[in-house]
Amino acid sequence: EITKLIRWLRKFVPEIVESEYSTTLLNYLSKEGFCLELRELVAKQIIQYRYQPAKNSETRVTDKLIVDLKKRFIEVGLRKTRTQLANDHRRCIQAEEEIPVMDKLRVVEEQLMLAKKGD
């Protein structure tokens, strides 16, 4: 869903009238059936960025929204990888099997912490 939204933003934002930006974006999310979590995230960010001094142009809002959505996409992917590795770890029978899985899990945890610090 995030990838689909980013593509749409890059393609159609230049065509949206500035005064209708928020309404058009939120209507698109609802019409296309995006999940509630993503719709709430976008609405929150629109409000947050719109009221920052000197950053109220729709282009700046869109750029920041795309950056934040990409970060969110990475974070979601890392969480899924972490869950899969945790499941793999539970299935390990011998200690030799655990070591590479635990190494990968440690790397993913570090990446997730870095991604969260970037917020």
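Biologist: How should I read the burial of a charged residue here: does Arg72 count as buried or exposed?

Modeller: This is a predicted model, and every value below is computed from it. Buried means under 20% relative accessible area. Arg72 has a relative accessible area of 19%, so it counts as buried.

Biologist: Where is Arg72 found, and which residues does Arg72 touch, not counting those up to four places away in sequence?

Modeller: Arg72 is found in helix 4. With residues up to four places away in sequence set aside, Arg72 touches Ile2, Glu37, Leu41 and Arg79.

Biologist: With which residue does Arg72 form a salt bridge?

Modeller: The partner is Glu37, and the closest N and O atoms of the pair are 2.0 Å apart. Arg72 belongs to helix 4 and Glu37 to helix 3, so this salt bridge ties together parts that are 35 residues apart in sequence.

Biologist: How many salt bridges does the structure hold?

Modeller: There are 6 salt bridges in the structure. Another one joins the side chains of Lys4 and Glu32, at 3.2 Å from N to O. Lys4 is in helix 1, whereas Glu32 is in the loop between helix 2 and helix 3, so the pair ties together parts 28 residues apart in sequence. Lys4 is partly exposed at 38% relative accessible area, and Glu32 is partly exposed at 34%.

Biologist: How do I read a salt bridge inside one helix, and how many residues apart are Arg106 and Glu110?

Modeller: The general idea comes from helix geometry. An α-helix has 3.6 residues a turn, so residues three or four places apart point the same way. In this model, Arg106 and Glu110 are 4 residues apart in helix 5 (residues 95-117), which puts about one helical turn between them. Their side chains meet in a salt bridge of 3.1 Å, N to O. Arg106 is partly exposed at 44% relative accessible area, and Glu110 is partly exposed at 40%.

Biologist: How do I read the two sides of a helix, and which residues in helix 1 are buried?

Modeller: In helix 1, Ile2, Leu5, Ile6, Trp8 and Leu9 are buried. Viewed down the axis of helix 1, the buried residues fall within an arc of 165°, so they line one face of the helix. The other side of helix 1 has Arg7, Arg10 and Lys11, which are exposed.

Biologist: How do I read a nonpolar core, and which residues of the largest one touch the most other members?

Modeller: In soluble globular proteins, nonpolar side chains tend to be buried together. The largest nonpolar core in this model has 18 residues, and Leu5, Leu9, Leu25, Val42 and Leu69 touch the most other members. Helix 1 (2-12), helix 2 (21-31), helix 3 (36-50) and helix 4 (58-91) are the elements that each give two or more residues to this core. The largest share, 5 residues, comes from helix 1. There is also a second, separate core of 8 residues, including Leu85, Cys92, Val101 and Leu112.

Biologist: Take Leu25 as a case: with which residues is Leu25 in contact, leaving aside neighbours within four places in sequence?

Modeller: Leu25 is in contact with Leu5, Trp8, Leu9, Val42, Ile46 and Leu65.

Biologist: How do I read the aromatic rings, and how many aromatic pairs does the structure hold?

Modeller: The structure holds 2 aromatic pairs. One of them is Trp8 with Tyr28, a stacked pair at 4.0 Å centre to centre and 5° between the planes. Trp8 is in helix 1 and Tyr28 in helix 2, so the pair ties together parts that are 20 residues apart in sequence. Tyr28 also pairs with Phe34, and this pair is tilted, with 5.6 Å centre to centre and 50° between the planes. Trp8, Tyr28 and Phe34 form one aromatic cluster.

Biologist: Are Trp8 and Tyr28 buried or exposed?

Modeller: Both Trp8 and Tyr28 are buried. The relative accessibility of Tyr28 is 11%. Phe34 is buried as well, with a relative accessible area of 3%.

Biologist: Last, the cysteines: how many disulfides does a search of the whole structure find?

Modeller: A disulfide is a covalent bond between the sulfur atoms of two cysteines. In this model, a search of the whole structure finds 0 disulfides. Cys35 is partly exposed, with a relative accessible area of 31%, whereas Cys92 is buried at 15%.

Conventions
Residues numbered from 1 in each chain as written. Predicted model: local features only at pLDDT ≥ 70, side-chain atom pairs only at ≥ 80, totals over all residues. Heavy atoms only, no water. Core = buried A, V, L, I, M, F, W, Y, C linked by side-chain atoms within 4.5 Å. Buried < 20%, exposed > 50% of the residue type's maximum accessible area, 1.4 Å probe, protein only. Contact = heavy atoms within 4.5 Å. Arc of directions from axis to C-beta. Salt bridge = Lys/Arg side-chain N within 4 Å of Asp/Glu carboxyl O. Disulfide = S-S within 2.5 Å. Phe/Tyr/Trp six-rings, centres within 6.5 Å; stacked < 30°, edge-to-face > 60°.
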